[in-house]
Amino acid sequence: MTLNSNVISMLQTIVAMGLLNLVMFVWMYATRIPAMNQAKIDPQSAQHPGSLNTLPSEARRVADNYNHLFEAPTLFYAMVIAIVLLGHADQWHVLCAWAYVILRALHSLVQATFNRVMLRFALFGLSWVALGIMIVREVAALY
């Protein structure tokens with residue numbers, strides 16, 4: 001099967017988001033486990049959401065971001081796959097998809113490091129603009 005460059009680029013955005021998830025997963029455990037050890041928290045006591053809220057912000061914000069990567073990005077994955085399968089992958093969709101990935105990566109970096117809420121919110125909002133354009137364009141193409 002031969003795929004055109006727009007389709008390949010769209011699918012690469014899914015792989016890039018997968019890589020971002022992997023990076024945040026490793027970072028989360030690299031910060032969380034030492035923080036739990038330092039706080040002398042028994043891992044079994046962390047069996048319920050929120051039970052690790054006593055950890056320092058440096059450890060919690062990485063885990064928060066990891067969880068955020070399973071919220072709105074799931075819609076992004078579905079949209080990319082729908083756009084590709086419906087044969088609508090074009091330069092605009094590619095641009096929006098890569099903008100989404102870059103903005104989410106920047107959002108992750110901000111949240112996991114210095115965590116400036118308004119900057120993080122701006123990056124999140126801009127990523128939704130990119131995703132929103134993809135959604136509206138696909139709705140227009142279908143209906």
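Is Tyr 100 buried or exposed? Select Tyr 100 and you will find that the residue is buried, with a relative accessible area of 0%, where buried means under 20% relative accessible area, exposed over 50% and partly exposed in between, for a 1.4 Å probe and protein chains only.

Before going on, note that this is a predicted model, in which local features need pLDDT of at least 70 and side-chain atom pairs count only at pLDDT 80 or more, while totals for chains, interfaces and linings use all residues. Residues are numbered from 1 along each chain as its sequence is written, and side-chain values use heavy atoms, with hydrogens and water left out.

Next, add Phe 76 to the selection; this residue is buried as well, with a relative accessible area of 0%. Rings of Phe, Tyr and Trp (its six-membered ring) pair if their centres lie within 6.5 Å, and planes under 30 degrees apart count as stacked, over 60 as edge-to-face and the rest as tilted; by this rule there are 5 aromatic pairs. The ring centres of Phe 76 and Tyr 100 are 4.4 Å apart and their planes stand at 15°, so this pair is stacked. Because Phe 76 belongs to helix H3 (residues 72-85) and Tyr 100 to helix H4 (residues 91-112), the pair ties together parts that are 24 residues apart in sequence. Helices here are DSSP runs (H or I, at least four residues), numbered from the N terminus.

Now show H3 and H4 whole: they pack at an angle of about 160°, with their axes 12 Å apart, the axes being lines fitted to C-alpha atoms over the stretch in contact and the angles running from 0 to 180 degrees between N-to-C directions. That makes H3 roughly antiparallel to H4, a term for angles over 145 degrees. On the H3 side the contact (heavy atoms within 4.5 Å) is made by Ala 72, Pro 73, Phe 76 and Ile 83, and on the H4 side by His 93, Ala 97, Tyr 100, Val 101 and Arg 104.

Then move to helix H2 (residues 57-68), which packs with H4 at an angle of about 155°, with axes 8 Å apart, and the two are therefore roughly antiparallel to each other. Here Arg 61, Val 62, Asp 64, Asn 65 and His 68 of H2 meet Arg 104, His 107, Ser 108, Gln 111 and Ala 112 of H4.

As a last stop, select Phe 25, Tyr 29, Tyr 66 and Phe 70, which form one aromatic cluster.

Definitions and conventions:
Parallel < 35°, antiparallel > 145°, perpendicular 65-115°, else oblique.
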